[in-house]
Each structure stands twice: as structure tokens, then as C-alpha cells.
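User: I'm new to this structure and would love a close look at a single part of it. Could you walk me through the sheet and what surrounds it?

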Protein chains: 2
Amino acid sequence: MSEAPSAAGSPAPAPTPIEFYFDLISPFGYMGSVMIERLAARYGKRVEWKPVLLGVTVLNVMGLKPLPKTPLKGPYLRHDAPRLAEFLGIAFRFHAHENINSLAGLRAFVHLQVHDPRRATELMRRLYAALWTEGRDITKAEVVCDEAEALGCDGAELLDAIQRPEAKQRLQAAVEAAVSRGVFGVPFFFVDGEPIWGVDRFWMIEHWLQHHTWSQPCHAANPADPETVG
Amino acid sequence: MSEAPSAAGSPAPAPTPIEFYFDLISPFGYMGSVMIERLAARYGKRVEWKPVLLGVTVLNVMGLKPLPKTPLKGPYLRHDAPRLAEFLGIAFRFHAHENINSLAGLRAFVHLQVHDPRRATELMRRLYAALWTEGRDITKAEVVCDEAEALGCDGAELLDAIQRPEAKQRLQAAVEAAVSRGVFGVPFFFVDGEPIWGVDRFWMIEHWLQHHTWSQPCHAANPADPETVG
């Protein structure tokens with residue numbers, strides 16, 4: 001299932017990464033982050049994490065409400081997220097914070113992308129787990145830096161960096177770029193340029209990785225498969 | 001996979017149906033209607049169709065915008081619905097009507113539920129196909145009755161019935177009941193009382209029909225399955 005090995009002497013081109021747009025405040029983004037790493041590992045693909053702010057896309061650009069505060073959808077989310085996490089085998093617990101934002105976390109991400117790229121993604125994994133399994137208040141820059149220190153970063157340096165204009169501008173540019181590509185929610189993936197939204201769509205991502213087209217019949221265990229219908 | 005046969009002399013209780021909330025204006029509702037009938041047939045389950053109006057849930061109750069007119073999500077829908085239909089092997093074409101509503105169709109449904117229940121669902125299947133494969137304007141009561149006549153209904157009688165207060169009140173009551181159960185979009189299913197939203201979630205419905213719990217490991221071909229991750 002992984003990329004074909006290169007012939008001797010001709011190095012294979014780097015495989016196209018799966019682009020993964022994330023915001024830390026989304027429980028489905030958190031589950032998507034675990035799922036996409038599992039799936040990518042099985043197909044020998046690299047995952048390229050890219051930040052987006054739901055406060056910008058959902059509230060400002062689309063003019064909608066935060067999901068937890070949307071009538072009907074909010075209560076459904078409360079029922080759906082825990083059962084989905086159980087189903088997927090992912091640790092999960094709702095946090096008790098009324099308002100949470102990921103500005104500090106995502107500014108740390110764009111700063112580390114330049115200065116310590118490997119730890120950028122590692123820190124996001126830690127922050128997702130901190131918020132969605134331990135209920136830590138990742139809105140606070142101190143919490144972000146605390147988690148970064150646990151990875152071996154210089155917490156004081158990072159705390160300073162995420163308050164400087166460079167990090168703010170870098171994040172703003174990243175979010176604008178996301179919006180210009182049509183990203184509106186998380187998890188949002190691009191697989192060979194194909195946009196796929198939602199933690200519900202992993203079967204679609206896997207189908208694409210296998211067949212690179214939508215017109216092939218899907219694999220037999222998929223309930224959507226007309227081949228398996230009597 | 002179907003319900004256990006009854007012991008001789010003791011008739012088996014009727015299997016619990018899968019409840020399927022639909023509105024004709026949703027392309028995902030249309031695809032869901034085809035999918036759920038396929039899936040139910042494989043598990044010996046009956047599908048109970050129940051009407052809901054997205055104009056009520058999305059606009060009035062949730063205070064959101066129609067999906068096609070929501071920035072970012074609208075363009076994504078235009079890309080997503082055709083590829084999903086192709087993937088699922090379902091005939092699909094976007095219609096060209098600027099505004100469509102399903103009042104006439106759903107009033108015909110609630111009327112026929114009382115007077116000719118078998119044809120109620122058959123008519124909905126025809127209207128879904130009329131709108132989403134032929135682009136017929138099902139907003140018009142005449143089009144609804146035309147499709148009903150093709151099924152052997154008395155079109156003139158139906159045209160009269162869907163303009164009477166009984167049908168209007170019956171639909172209103174059905175929509176209120178849907179909202180009180182938390183139904184906000186389509187397709188929306190209840191499987192043994194468990195609410196499941198979205199054409200993306202058929203793997204979840206199938207898992208429930210097989211295991212009746214969320215804590216079992218899911219089937220091996222599912223990319224979500226931790227068992228299959230190396």
C-alpha cells in the first residue's frame with residue numbers, strides 16, 4: 001500500500017503529503033488528528049499539519065454560530081463525540097471551559113514550524129490531548145509553553161515568540177490561505193488536491209489512496225458498496 | 001444478519017424499523033434514501049420514512065443559512081455531492097432551480113401515509129429521483145401529482161388533499177415532533193433509538209446493526225480500526 005520503491009540509482013520523488021487542516025478547539029479535529037496519522041502510516045504517506053481558526057471561518061466568513069452553541073446540533077455533538085471516540089478507540093473527555101481559543105497554541109505552531117519543525121506537530125498532538133483528555137485550559141499561553149517545555153522546548157523563549165507580531169502575522173496569513181482554498185471546518189484534508197471534510201470521511205480518504213478515482217467500486221466491507229448488495 | 005427466526009408457534013416481534021428523516025430538497029437526503037434501503041435490505045430491517053423541513057430546522061430553529069448559500073460550504077457541496085454519488089453508484093445531477101421547497105411533496109406524503117401508506121414512500125422515491133436526476137420542479141403541486149399518477153394514485157384527489165388544512169397540520173405536527181427529537185439535518189436516522197446524522201455515517205449504522213454497542217472493535221476493513229494499524 002506504500003509508495004513504490006525507487007529503482008536503483010533514481011531516487012523516488014517525495015510522496016505527496018496528506019494536508020491536514022486543524023484547529024485545537026474542535027473535538028472532531030482532535031479525533032481526526034489521531035485517525036489521519038494512523039491511516040497515513042498504513043499507506044506510507046506523510047501528514048502535513050496546517051492551522052486554521054474556526055472563529056474566523058465559522059463566525060466571520062460563513063456567518064454561522066459555534067457548533068456547541070447551535071440549537072439541536074449542540075446537544076447532538078454532546079452525544080456524538082463521546083460515542084465516536086469510543087468507537088474509534090481514542091481517549092476523550094469533554095472539558096468544562098466555557099470559552100476556549102487556540103490562538104496561543106496555533107501561534108506557537110507557526111513559530112515552531114520555522115524554528116523547530118519536528119516539535120511543531122508534536123506540540124499540537126500534546127495540546128489536543130491536554131484539552132480533550134485532561135481538560136487543560138490551552139487558551140492560556142502559559143499552558144501552551146508548559147506543554148512545549150515537556151517536549152524539550154525553551155518555554156520562556158516560546159512565550160515571548162508567540163506574543164511577537166511575526167507569529168501573529170504568520171498565523172493570520174495561514175488562516176487566510178486556508179480560507180482561500182475553501183477550508184471551513186476541521187478536520188479538513190487535501191489528498192492529491194482533493195478536498196475532504198470531516199472525521200466521517202476516512203473511508204473516502206482510504207478509497208482515494210487506493211484507487212485515485214471516485215468511479216471505482218469501493219472495498220467490499222463498505223456498506224456503501226453496491227457490489228455487496230444482494 | 002437478519003432478525004432471528006421465531007420459534008415454532010411463537011410469532012417473532014416485528015423488528016424495530018430504522019427511522020429515516022428526510023426532506024426532498026437535500027441531495028444528501030436523496031443519496032441517504034437509496035443507501036438506507038440497500039443497507040436495511042441486507043439486515044432484514046424495515047425503513048420508516050419520516051418527513052422534516054430543513055427550512056424549519058436550519059433557518060428557524062438553528063438560525064443558520066441554507067447550505068447552498070453558505071460561503072465556503074456551498075462551493076464544497078457543489079464539488080462533494082457529485083463525487084459522492086459517483087462513488088456510491090447513485091444517479092445524480094444538480095437541478096437548476098434557484099429556490100425549491102418540498103411542502104407539496106411532504107404534504108402528499110403525510111396524506112398518503114393515512115390513505116395509501118405503501119404509495120407514500122414510493123412517491124417520495126419518485127420525487128427524489130425527479131428532482132435529483134431529472135431536475136423536475138417538485139415545488140409545484142402539479143408535478144407532485146403527476147408523479148403520483150404515474151404510481152396509480154388519483155392525481156386530482158391528491159391535488160385537492162394537499163391543499164386542505166388536514167395535510168398542512170399533519171406535516172406541521174410531524175416537523176415539530178422531529179425537532180423535539182433533535183432532528184436538524186438529513187439524512188437523519190434513529191437505529192434502536194440511537195440518533196445518527198449524515199450520509200457519511202453508514203459505517204456507523206452498520207456497526208450498530210452488527211454489534212449494538214459502540215465499544216466493540218469495528219470491522220477489519222474500516223480505516224478507523226485500531227486492530228488493523230501496524
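Analyst: In chain A of this predicted model, 4 strands make up an open sheet, arranged in the order 2-1-3-4 with mixed pairing. At its edges are strand 2 (47-51) and strand 4 (194-197) of chain A, each of which pairs on one side only. As you move through this sheet, neighbouring strands are turned by 25 degrees against each other on average, direction ignored.

Let's look at one pairing up close. Strand 1 (residues 18-22) of chain A and strand 3 (residues 188-191) of chain A run antiparallel and are joined by 3 bridges. You can find one of these partnerships by locating Phe20(A), whose bridge partner in strand 3 of chain A is Phe189(A).

Helices pack on this sheet too. Helix 4 (residues 103-115) of chain A touches strand 1 and strand 2 of chain A, and its direction makes about 130 degrees with that of strand 2 of chain A. Another helix on the sheet comes from the other chain: helix 3 of chain B touches strand 3 and strand 4 of chain A. The direction of helix 3 of chain B makes about 100 degrees with that of strand 4 of chain A.

That brings us to the place where the chains meet. Here, 48 residues of chain B are in contact with 48 residues of chain A. The two chains bury about 4,800 Å² between them, with 67% of it on carbon and sulfur atoms. Charged side chains take part as well, since the count between chain B and chain A is 6 salt bridges. One to look for is formed by Asp80(B) and Arg201(A), whose closest N and O atoms are 2.7 Å apart. Across this interface there are also 16 residue pairs in polar contact, counting pairs with both residues at pLDDT 80 or more.

Which elements of chain B give two or more residues to the side that touches chain A? They are helix 1 (27-42), helix 3 (73-88), strand 4 and helix 9 (202-211) of chain B. Helix 3 of chain B, the helix that packs on the sheet of chain A, gives the most to this side, with 9 residues. By type, the residues on the chain B side divide into 28 nonpolar, 9 polar and 11 charged.

Now for the sheet in chain B. Its 4 strands form an open sheet in the order 2-1-3-4, and the pairing is mixed. Strand 2 (47-51) and strand 4 (194-197) of chain B each have a single partner strand, so one side of each is left without a neighbour in the sheet. From one strand to the next, the twist averages 25 degrees. Strand 1 (residues 18-22) and strand 2 of chain B pair in the parallel sense over 5 bridges, and in strand 2 of chain B Pro51(B) is the bridge partner of Phe22(B). Helix 5 (residues 117-132) of chain B packs on this sheet, touching strand 1 and strand 2 of chain B, with its direction at about 70 degrees to that of strand 2 of chain B.

To finish, a stop away from the sheets: the structure holds 32 salt bridges over all chains. Among them is the one between the side chains of Arg126(A) and Glu147(A), at 2.9 Å from N to O. This pair links distant parts of the chain, 21 residues apart, with Arg126(A) in helix 5 (residues 117-133) of chain A and Glu147(A) in helix 6 (residues 141-150) of chain A.

Note on methods:
Residues are numbered from 1 along each chain as its sequence is written. Chains are lettered from A and ligands numbered from 1 in the order in which they are written. Side-chain values use heavy atoms; hydrogens and water are left out. Two strands pair if DSSP finds at least two bridges between them. Axes are lines fitted to C-alpha atoms, for helices over the stretch in contact, and angles run from 0 to 180 degrees between N-to-C directions. Contact means heavy atoms within 4.5 Å. Buried area is the accessible area (1.4 Å probe) that two parts lose on being put together, summed over both. A salt bridge is a side-chain nitrogen of Lys or Arg within 4 Å of a carboxyl oxygen of Asp or Glu. A polar contact is a pair of N or O atoms within 3.5 Å; within protein, one must be able to donate a hydrogen and the other to accept it, and residues adjacent in sequence count only if both atoms are side-chain atoms. Ala, Val, Leu, Ile, Met, Phe, Trp, Tyr, Cys and Pro count as nonpolar, Asp, Glu, Lys and Arg as charged, and the others, Gly among them, as polar.
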